[in-house]
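Please work through the following exercises with the sequence and the structure at hand, trying each task before reading its solution.

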Amino acid sequence: MTGPTVKVLVIDDEPQIRRALGLNLKARGYEVVQADSGETGLRAAAEERPDLVLLDLGLPGIDGIGVIEALRAWTNVPIVVLTVRDEESSKVAALDAGADDYVTKPFGMAELLARLRAALRRSADVEVDQPEVSTASFRLDLIGHRAFVGTEREEVRLTPTEWSIVKYLVRNPGRLVTHRQLVTAVWGQSYDPDPNLLRVHMGHVRRKLEPNPATPAYFITDSGVGYRFDSGVVPHQLRE
Amino acid sequence: MTRGALRIYLGAAPGVGKTYAMLGEGVRRTERGADVVVGVVETHGRQLTAERLEGMELVPRKSVEHRDTMLSEMDIDAILMRRPDVVLVDEYAHTNAPGSRNEKRWQDVDEILNAGIDVISTVNIQHLESLNDVVARITGTVQRETVPDAIVRRADQIELVDMSPEAIRRRMAHGNIYPPERIDAALSNFFRPGNLGALRELALLWVADRVEESLNTYVAAHGISGAWETRERVVVGLTGAPDGDMLIRRAARMAGRVGGELIGVHVVSDDGLSHHVDENLLAQRDLVVALGGTVHDVVGHDPAAALVGFATNERATQLVIGSTQRSRWHELWHGSFVGRVTRLANQLDIHVIARPESDRRSTTHRRQHVIRPEIDTRRGVVAWILAVAGLPSLTAALDGMSDRLELSTILLMFLTLVLAVAAIGGRIVAAFAAVSASLLVNWYFVEPRNTFTIADGENVVAMVVFLVVAVTVGSFVDLAARRSIEAHRARAEAAILARSAASLVADVDPVPSVLEQIRRTFGLTSARLISLDGPTPSTLAESGDATPGGKVVQVDIRPGPNGVRRQLDIEGGALTADDHRVIRILADQLAKAIDTQSLALEAAEATALAGVDAVRTALLRAVSHDLRSPLATIKAMVSGLLEDDVSWTPDQLNEALETIDEETDRLNRLVGNLLDASRLQIGALAVHLTPTSLVDTTNAAVQNLGREANRVEIDVPEDLPFAHADSVLLERALANLLTNACRHSPASSPIRVTAGRVGDRLNLCVIDRGPGIPASDRGRVLAPFQRLGDTNTIDGVGLGLSIVQGFIEAMSGQFTMDDTPGGGLTVTLSLQVAEDCERR
């Protein structure tokens, strides 16, 4: 890790897990700030201006969702949620509220570090509209709405809806996008489509772009939660 | 010389303030000019008592030598010589040092009293001989110093010094009773709220007994015989009259003055004489209930007899009725209601309350609407007299002028008389009058006279018509009367049914009250509802006591929804067919009430089951959360160490391994607790009760605490007898309590473990100075898999305390939680002393 040190705010009410995270993150060159409740966490976020927030969902007092909402009111700092409540509802609620990603306890340190790096990288990306996205399997011209696949770079045609989905996902690389966020982006706020509709469209996108649509490598499903686009540009970082 | 007067202050427990009260009385008498000295007072080092003693004259104590120790006792001779008016002598039950003149202090007091000196003394309830064993059973402490009850009862005045258990404990906690070092032990042993409550009750009962005793003496001395009710019952007759409210309030005041019971009675008349259900009556029923009384209905032909009968049956002492509403003429004709009640009642105080003048006119006015169309005995008699006397008179009157009258005129005159008789007396007397009249007319007025022969055919027709008309009119009068009686009965029944329906709707458990209503309304000895479900009939509810061998009538009830057969057994009472019909209707209502209840019960069970499912889900979530928390830390730490991207310093490595170690222990503890809890829940806990040393077990449990061990202060006497316990379970229970106490109290405050013997039990207390648990939360804390505060993950699934309770109860011990004086939680484990091993 080079460059200025990255500051991570860990908000968790359990001293043991804070200690474990602190040890590991410090050993890897991060600067760690700790808070044991939602209230102290919010105060620390304002005072310390962390580069990333690691947040436990089951907090006494203000719960995790409340903390996300309060943070999102004034900052775009990446938030990775830690939870032992592995029910979909709380994860989805956290992501809908504006969290970037989640990790379920118990987690491996490698996985957590990879998620942290992905989240940090996203925030480093300037929010410019990239004209083009290239992967090993396909190239997308986001302005001209043209897609080329395979080594031969044959052109495939995507419908306007499929383009909307693909554009939203590739412009949030590595980020877990919930079903609702995607639907809102594609069809608008008030639209309430059949949940299967999104699945069908994703199926078409995969058939057209993925080298092996049965085991997608780029448009990855987080079942029950949403989808994540993995460009494969930094494969070594996501390897476990 | 007259004997001095003895006044005793009786205390329910040590520390209620007997001595203080005695000294106060001494001060008062001094102020009134009496010569008061203190014979002996034990201050027990209590500040307030010592202050009270200041300025009072003390008679110096006498020293008595006993086996090389000097004991000080009250100096009787000095007191007798000093000759004060009043002597204060503390501790009436005290045993004097051996070698004293008298064995007991009360004997000393006797001497002083005999010298004509008044004595004020004190005694605690546990020192009374008759209560000695009871007190020992309750408190586990045997009192060696006792005084015979008779000696205390001999006192001229006994005054109870009473204080609520909470107040005593508060005084104790403030250090008003014992020095600080003894407070903890005293609060958890003798001064437990249960003990204090029981002692207080004993003291109150003992004094109440004495009051009863003096009452009995009074009764005997004044030659009062018969039923003497200590609890007064005041019965008030309800009529619905406008002055009824006043009557009820008067009766309630009478009952209130003597602490008695108020009973309102409404006589539901079955002949309708004075019966009218109206708004007034309903309001009056409500008023009685509002004043704390009960309302009952009695069916009776004669209101006076029914009222007195009810009052006698209920062993009432006072009967309150209103002054008569009837006119003087009415009274002359029917007899006075008040008079009848007075004649019928013996051993009852009858209160006749006069009505205010303004009410009288309105009732008189209302009386015009009262219709009396039926035939009662009195009217029958009048009709017979009219028939027997009237017919010969009419015959005699007409005989003189028969030549001037047509037969038809004569017949019409006789017909008028017969109709009058029929209208008053009904069919039978009408028939008699008609036959007699026709015979008389035939004999005296029809040609040929003085024979029963009728010459003229037309006359035969006239005679027949005469007879038919008379009998027909009589029948109609009869029928009208019967209809009217039926209508009134129906109204009375409707009133009863309406009331029972009301109580079916209003009561949570209406069955007993409806049964009671049936029993009282029909004057039954007993009524019981029996289920015929199963091999032997079982009683569901009953009212009144069945007389053995009494005549029981069985009333069938509609079977319930699942075919359960039931019946109502009633006994006593003279029941008509109509009564049976009403009882059957009421029984059906009862059955419906029971069915409704069982349905409600099923619904409640279903709700409870749904609740259980919700609890189970919450539990699974909590367990998975609590198990995963340490797992998450371990996994994060281990996987972090496994990554080869960084090199760890020895310090970091050490901290990482320590974290893993602690979390593994925590996980292990949690799994152990879960296992214990499930064993307790399915009753699969193996308990081996052996004589167990509390000292060893406590030490072992504290050792296992690891780092926290030095926070624990152990105060367990070495010479304590063994407890009848399972040493493994007891150690686990203690370990749980200690872990809990360490977690919840600030690191600076010590955790104390104390032990002591109370009777045949050993009490082991774990005392912390943490936040404590509010009494209202204690039950919840003990429910397995519950914890205080939802997302707090510190103490596992909150199993700790419930497991301790489970373990202790499995060893036939008792688990109690109390506040530590000054804040914190004190858990007391009470165990049996091992019998075969009283002493080590």
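**Exercise 1.** Determine how many residues of chain B are in contact with chain A, and which elements of chain B give two or more residues to that side.

*Solution.* Counting residues as in contact if their C-beta atoms, placed from the backbone, lie within 7 Å, one finds that 24 residues of chain B touch 20 residues of chain A. Next, assign these residues of chain B to elements, where helices (H or I, at least four residues) and strands (E, at least two) are DSSP runs numbered from the N terminus; those giving two or more residues are helix H21 (577-642) and helix H22 (650-682) of chain B. The largest share, twelve residues, comes from H21(B). Finally, this side of chain B divides into eight nonpolar, ten polar and six charged residues, with Ala, Val, Leu, Ile, Met, Phe, Trp, Tyr, Cys and Pro counted as nonpolar, Asp, Glu, Lys and Arg as charged, and the others, Gly among them, as polar.

The model is predicted, so local features need pLDDT of at least 70 and side-chain atom pairs count only at pLDDT 80 or more, whereas totals for chains, interfaces and linings use all residues. Residues are numbered from 1 along each chain as its sequence is written, and chains are lettered from A and ligands numbered from 1 in the order in which they are written.

**Exercise 2.** Establish the strand order of the open sheet in chain A that holds E10, E11 and E12.

*Solution.* Taking strands as paired if DSSP finds at least two bridges between them, the order is E10-E12-E11, with antiparallel pairing. The edge strands, each pairing on one side only, are therefore E10 (176-178) and E11 (219-222) of chain A. E11(A) and E12 (residues 226-229) of chain A share four bridges, and A:Thr221 stands opposite A:Tyr227 in E12(A).
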